[in-house]
Amino acid sequence: MAKILYVEDDPNLAFVVKDSLEEIGDFDISHFSDGKEAWKVFKKEKFDLCLLDVMLPELDGFSLAEKIREQNAHIPIIFLSAKALPEDRIQGLKVGGDDYITKPFSIEELELKIKVFLKRNAVSLNPVVQDNIPCGDYIFCYSQLSLTFDEEVQRLTHREAEVLKFFLDRKNQIVKREEILVAIWGRDDYFLGRSLDVFLTRIRKMLNRDSKVKLENIHGVGFKLIVP
């Protein structure tokens, strides 16, 4: 049974979400109404996934996500928030979120996303094959969500790993923006395009120690990962 940390200060919404998910899925959900208390418990207990509201008392969801990500690079983090502006979504991804769902949302959609992230995390933490992929002087391991340069290991989020793997599978080829969005997010729209830009910025920063590796923006067309 997957153990989920759920932080939401609206008691009515929290009751509905917790009750519905536990009824339809194999989930054990621990609910907290403020970020500070949730952080205290997270440090002591083991969770498989986090569902975080953004506007929380004591410690907001973005700050909580940063603390969680500092302690655990692998755990999936999904934001559930009424803050629907593009900059809110982008901030959620910048602090380490894997997905950002705006309220109101469908319980069925949330359940499916939770199951997808739990499945991916199970694969990454229990790999059958050590899939080391060279990227210039880097070694990328998708199953371990890691990027290694000169024995220094950087940890990636699930989305970062998906985006990097997508480019490495098509290295030295031009790929269109909409092709990336459909392959990774399942659809092409403006808000997801902004999210993609955040991940590309983070990946470029991770790869900046090898001058031979470049993730280029091909104006008006798409992107190209140049790998020698």
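Buried area is taken here as the accessible area, for a 1.4 Å probe, that two parts lose on being put together, summed over both. In the predicted model, the two parts in question are domain 1, spanning residues 2-123, and domain 2, spanning residues 132-226. Between them, domain 1 and domain 2 bury about 1,500 Å², of which 60% falls on carbon and sulfur atoms. Within the area that domain 1 buries against domain 2, a share of 34% is supplied by His74, Leu93 and Arg120, which is more than any other three residues provide.

The arrangement of the two domains can also be described by distance and by contacts. The C-alpha centres of domain 1 and domain 2 are separated by 25 Å, and 17 residues of domain 1 are in contact with 16 residues of domain 2. Polar contacts between the domains, counted where both residues have pLDDT 80 or more, amount to four residue pairs, while the count of salt bridges between domain 1 and domain 2 is one. A salt bridge is formed by Arg159 with Asp99, with the closest N and O atoms lying 3.8 Å apart. As for the helices involved, helix 4 (86-94) and helix 5 (107-125) each contribute at least two residues to the side of domain 1 that touches domain 2. Helix 4 makes the greatest contribution to that side of domain 1, giving five residues.

The model further contains an open sheet of five strands, in which the strand order is 2-1-3-4-5 and the pairing is parallel. The edges of this sheet are formed by strand 2 (27-32) and strand 5 (99-102), each of which pairs on one side only. From one strand to the next, the twist averages 20°. Asp99, the partner of Arg159 in a salt bridge, carries the number at which the edge strand 5 begins, given the range 99-102.

At the other edge of the sheet, strand 2 runs parallel to strand 1 (residues 2-7), and the two strands are joined by six bridges. Within this pairing, Ala2 stands opposite Phe27 of strand 2. The same region of the sheet is covered by a helix: helix 2 (residues 35-44) lies across strand 1, strand 2 and strand 3 (49-52), and runs at about 155° to strand 1.

Methods. Residues numbered from 1 in each chain as written. Predicted model: local features only at pLDDT ≥ 70, side-chain atom pairs only at ≥ 80, totals over all residues. Heavy atoms only, no water. Pairing = 2+ DSSP bridges. Helix = DSSP H or I, 4+ residues; strand = E, 2+ residues; numbered from the N terminus. Axes fitted to C-alpha atoms, helices over the stretch in contact; angles between N-to-C directions. Contact = heavy atoms within 4.5 Å. Domains from an automatic or database assignment. Salt bridge = Lys/Arg side-chain N within 4 Å of Asp/Glu carboxyl O. Polar contact = N/O pair within 3.5 Å; in protein donor to acceptor, adjacent residues only side chain to side chain.
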